[in-house]
Amino acid sequence: MFVFELNQPVQLSMSREKGVVIGRAEYSGGVPPQYRVRYVDARGCQTTDWFDDTAIQAMPDDPE
């Protein structure tokens, strides 16, 4: 079961870099789902990488 939706804004749990989920992968054998995230790294470069759901978190809602 996936925790994050495609196109959902997320942030990396440790570095707080912000991005968006652009892909998801599901595996057999007890491997947790993986999420492909496009984000701007600390150097200001756009990059993509795979993360499990413990390495990313949903962006907090903006108060209105």
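A nonpolar core is a set of buried Ala, Val, Leu, Ile, Met, Phe, Trp, Tyr and Cys residues joined through side-chain atoms within 4.5 Å. The views below come from a predicted model.

**View 1. The largest nonpolar core has 9 residues.** Its members are Phe4, Val10, Leu12, Val21, Tyr35, Val37, Tyr39, Phe51 and Ile56. Two elements, strand E1 (9-12) and strand E3 (34-40), each give two or more residues to this core. E3 gives the most, with 3 residues.

**View 2. Phenylalanine 51 and its contacts.** This close-up centres on one of the core residues. Neighbours within four places in sequence are left aside here. Phenylalanine 51 is then in contact with Leu12, Pro33, Gln34, Tyr35, Val37, Tyr39 and Ile56. Leu12, Tyr35, Val37, Tyr39 and Ile56 are also listed in the core.

**View 3. Glutamine 11 is buried in strand E1.** Its relative accessibility is 9%. Buried means under 20%, so glutamine 11 falls in that class. Residues up to four places away in sequence are not counted among its contacts. Glutamine 11 touches Arg16, Glu17 and Lys18, and also Ala55, Ile56, Gln57 and Met59. Ile56 is a member of the largest nonpolar core.

**View 4. Glycine 19 sits in strand E2 (residues 18-25).** Glycine 19 counts as buried because its relative accessibility is 17%, and the limit for buried is under 20%. Setting aside neighbours within four places in sequence, glycine 19 is in contact with two runs of residues. One is Gln8, Pro9 and Val10; the other is Val37, Arg38 and Tyr39. Val10, Val37 and Tyr39 belong to the largest nonpolar core. Glycine 30 lies 11 residues from glycine 19 along the chain. The C-alpha atoms of these two glycines are separated by 26 Å.

**View 5. Arginine 36 has bridge partners in two strands.** E2 and E3 run antiparallel and are joined by 6 bridges. In that pairing, glycine 23 has arginine 36 of E3 as its bridge partner. E3 is also joined to strand E4 (residues 46-52), by 7 bridges. These strands run antiparallel too. Here the bridge partner of arginine 36 is tryptophan 50 in E4. In a regular strand, side chains alternate between the two faces of the sheet.

**View 6. Glycine 44 in the hairpin of E3 and E4.** The hairpin has 5 residues between the strands. Glycine 44 takes a positive phi near 90°.

Technical notes
Residues are numbered from 1 along each chain as its sequence is written. This is a predicted model: local features need pLDDT of at least 70, side-chain atom pairs count only at pLDDT 80 or more; totals for chains, interfaces and linings use all residues. Side-chain values use heavy atoms; hydrogens and water are left out. Helices (H or I, at least four residues) and strands (E, at least two) are DSSP runs, numbered from the N terminus. Buried means under 20% relative accessible area, exposed over 50%, partly exposed in between (1.4 Å probe, protein chains only). Contact means heavy atoms within 4.5 Å. Two strands pair if DSSP finds at least two bridges between them.
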